[in-house]
Amino acid sequence: MSATTQSPTAVDSRTPSKAQRLLGDRRLPVAVTALLFLVMYAGGLARYQYYGFAEPQVFLNLFIDNSYLLVAAVGVTFVILSGGIDLSVGSVIGFTTMLTAWLVERVGLPLLVVIPIALAVGAFGGFLMGYVIHNFEIQPFIVTLAGLFLFRGLCLVISKESISISDPGVSDMAQAQVSLGMGFLSIGAVVSLVVLAVAFYVLHYTRFGRRVYAIGGNEQSALLMGLPQGGTKIAVYTVSGFCSALAGLLFTLYIQSGDPLHATGMELDAIAAVVIGGTLLTGGSGYVLGTLFGVLVLGLIKSLIQFEGTLSSWWTKIATGVLLCAFILIQRLMTTRKKA
């Protein structure tokens with residue numbers, strides 16, 4: 001009788017509580033980020049409703065002003081999902097602005113010829129880093145840190161001074177608008193949303209996307225399953241390099257110049273957006289839509305500070321640091337519950 005009465009208790013003790021199920025849900029960080037964005041936006045509406053914050057264009061400007069960061073963060077999402085890291089993003093963006101400005105202004109090439117050249121250089125740089133990481137078994141932190149210094153140094157090889165772009169084709173493309181009735185989006189914003197949609201499809205509906213999640217979740221298990229580990233690792237860094245170069249082109253359109261110091265530290269903003277968006281730094285869990293909300297949260301912080309008018313821009317970094325620590329704590333709780 002005693003054994004019979006104890007068995008339901010043993011079963012109940014193994015049944016996870018609601019809190020455990022909630023912390024174990026992979027969608028929790030994305031939901032928290034989306035809720036945070038909505039709360040912040042509602043707070044901005046309440047505080048700055050008489051200062052034009054409620055205008056639809058203010059919301060659309062979040063996509064316009066952060067289009068290059070969104071594209072860069074999408075590339076970083078691929079890398080982090082696979083269990084890696086890419087510190088070369090900002091330098092590749094800065095190098096792309098310098099290369100584009102130099103080819104357009106000094107060499108005289110049309111922008112439509114420069115675009116594929118810049119994208120090919122960025123993708124090739126990512127490919128090389130992925131190749132070294134896989135074949136020489138060197139930590140991604142070290143290899144991409146070397147890539148950071150390499151591309152930033154190449155910026156100075158092109159020119160030590162800023163190169164302004166006066167080409168009318170660049171100006172026309174930069175000022176082009178896509179009307180939405182209630183407002184407009186720039187070409188850069190439209191491109192970033194297209195990249196986001198393509199990344200969402202690739203990660204969730206293709207074999208390559210499943211390989212990225214599998215390798216990031218458990219590399220040894222993926223190896224035993226016979227997944228092409230090396231090719232996938234190289235591919236995600238190639239994607240990141242391509243996205244960084246594309247982000248550099250969008251940043252060039254946004255600022256219409258090239259400078260050796262452009263995008264310094266932007267790799268940290270991209271990584272922060274990905275982590276705030278709910279992607280685990282250990283890899284294997286996350287959503288590219290979460291990255292979108294992470295970028296929007298960072299962009300909204302900047303907008304709120306601008307509307308406030310009395311705060312220094314450094315408060316953006318402070319707020320980002322606080323949010324990053326909070327979301328890393330959530331990730332820690334989630335991974336601890338899974339192990340338990």
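**Note on the predicted model**

1. A convenient place to begin is Ile 142, which is found in helix α8; the model is a predicted one, and the remarks below should be read with that in mind. With a relative accessible area of 48%, Ile 142 counts as partly exposed, because that class lies between the buried limit of 20% and the exposed limit of 50%.

2. Ile 142 belongs to a nonpolar surface patch of about 780 Å², to which Phe 124, Phe 127, Leu 128, Tyr 131, Phe 136, Ile 138 and Phe 141 also contribute. The elements that supply two or more residues to this patch are α7, spanning 111-135, and α8, spanning 140-158. Of the patch residues, four come from α7, and this is the largest share.

3. Turning to the aromatic side chains, the structure holds 17 aromatic pairs. One aromatic cluster is formed by Phe 37, Tyr 41, Tyr 48, Phe 53, Phe 59, Phe 63, Phe 293 and Phe 307.

4. As for the chain as a whole, it has 16 helices and four strands. Its radius of gyration is 22 Å, close to the 20 Å that the globule rule gives for 340 residues, so the chain is as compact as a globular protein of that length. Along the principal axes, the C-alpha atoms fill a box of roughly 90 × 60 × 35 Å.

5. On burial and contacts, 47% of the 340 residues count as buried, while the chain exposes about 16700 Å², of which carbon and sulfur atoms supply 66%. Among contacts with a separation of 6 or more, 79% are accounted for by residues 24 or more positions apart.

Notes: Residues are numbered from 1 along each chain as its sequence is written. This is a predicted model: local features need pLDDT of at least 70, side-chain atom pairs count only at pLDDT 80 or more; totals for chains, interfaces and linings use all residues. Side-chain values use heavy atoms; hydrogens and water are left out. Patches are made of residues with over 30% relative accessible area and no salt bridge: like charges are joined within 9 Å, nonpolar side chains (Val, Leu, Ile, Met, Phe, Trp, Tyr) within 5 Å. Accessible areas come from the Shrake-Rupley method with a 1.4 Å probe; for residues, only the protein chains shown count as cover. A salt bridge is a side-chain nitrogen of Lys or Arg within 4 Å of a carboxyl oxygen of Asp or Glu. Buried means under 20% relative accessible area, exposed over 50%, partly exposed in between (1.4 Å probe, protein chains only). Rings of Phe, Tyr and Trp (its six-membered ring) pair if their centres lie within 6.5 Å; planes under 30 degrees apart count as stacked, over 60 as edge-to-face and the rest as tilted. The radius of gyration is taken over C-alpha atoms; the globule rule is 2.2 Å times the number of residues to the power 0.38. Contact means heavy atoms within 4.5 Å.
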